[in-house]
Amino acid sequence: MKKADFKVQSFKGGFDDNFTYLVTCGKTNTQFLIDASVPFREISSNVSHKISSVFITHTHGDHISYLDEVISSFPDLKVIIFRDSVSGIGGENIQGVDDYSKIQAGNLNIEVIHTPGHYDDSLCFHMGNILFTGDTLFVGRTGRTISLRSDTRQLYRSVYKKLLILPGDTLIYPGHDYGPKPYCTLKENIEISPLLCAVDEDDFVKRMEEYERTRLS
Ligand SMILES: [Fe+2]
């Protein structure tokens, strides 16, 4: 998939510098969202026809704050979500997906990667050389594992065994603007992130504990 095959627009806002992404297929003009964390009125002027689907990176409230608003604007819209979370989301057009499910939107192929750790229903979405990472991976660090249904060891396996094995020039688009810049390549991210330089799982657990001990807020 080449760059010209799609366009990604990012919208920042919501609960805590969240990002919602609007993706447009270059061939068919099909448009879809990654998360619903920003008021839809801030995105709608960029929608040419209708939103076909919304891909939910995980069901923490800030990532689905405006899901009802998007569904009421586009009643046919498909909601793509981890299979175990389907029953927690109301609506008719919910599509539960699993690790390595493949979804087509227009001419674009999106691969689902289940990445539990920050939250047990966390998904990343891989399209061409782009990876939408939700709260699993930010610019500068991984997500945190302080909430119910978090698991640091699972996060290690998700990040190190499923994401960091992708090509170094893969661009990550995270769920929040927490880093020195809004997006970067995996290779750059490893260079600036001590949490991405663990030698093994135990070392990662130690690094996460150290991070939580020393973070400012
Ligand atoms: Fe989260």
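This note comments on the iron site of a predicted model and on a residue in one of the loops that supply its donors.

1. In the predicted model, the iron ion is held by four protein donor atoms, namely NE2 of H58, ND1 of H60, NE2 of H118 and OD of D135, which lie 2.2 Å from the metal. The angles among these four donor atoms run from 89 to 173°, and the site is accordingly classed as irregular.

2. Along the sequence, the donor residues of the iron ion follow the spacing H-x1-H-x57-H-x16-D. H58 sits in the loop between β4 (51-55) and α1 (67-73), while H118 belongs to the loop between β8 (108-114) and β9 (123-127), so this pair ties together parts that are 60 residues apart in sequence.

3. Both of these histidines are enclosed by the protein: H58 is buried, at a relative accessible area of 1%, and H118 is likewise buried, at 9%.

4. T59 is also found in the loop between β4 and α1, and with a relative accessible area of 19% this residue counts as buried, because the cut-off for that class is under 20%. A reader may wish to treat that assignment with this cut-off in mind.

5. Which side chain does the side chain of T59 meet in a polar contact? The partner is the side chain of D121, at 2.6 Å. Leaving aside residues up to four places away in sequence, T59 touches I64, I81, S85, Y119 and D121, so D121 appears both in this list and as the polar partner of T59.

Methods: Residues numbered from 1 in each chain as written. Predicted model: local features only at pLDDT ≥ 70, side-chain atom pairs only at ≥ 80, totals over all residues. Heavy atoms only, no water. Donors = N, O, S within 2.8 Å, 3.2 Å for Na, K, Ca; no water. Tetrahedral: all angles 85-135°; square planar, octahedral: opposite > 155°, others 65-115°. Helix = DSSP H or I, 4+ residues; strand = E, 2+ residues; numbered from the N terminus. Buried < 20%, exposed > 50% of the residue type's maximum accessible area, 1.4 Å probe, protein only. Polar contact = N/O pair within 3.5 Å; in protein donor to acceptor, adjacent residues only side chain to side chain. Contact = heavy atoms within 4.5 Å.
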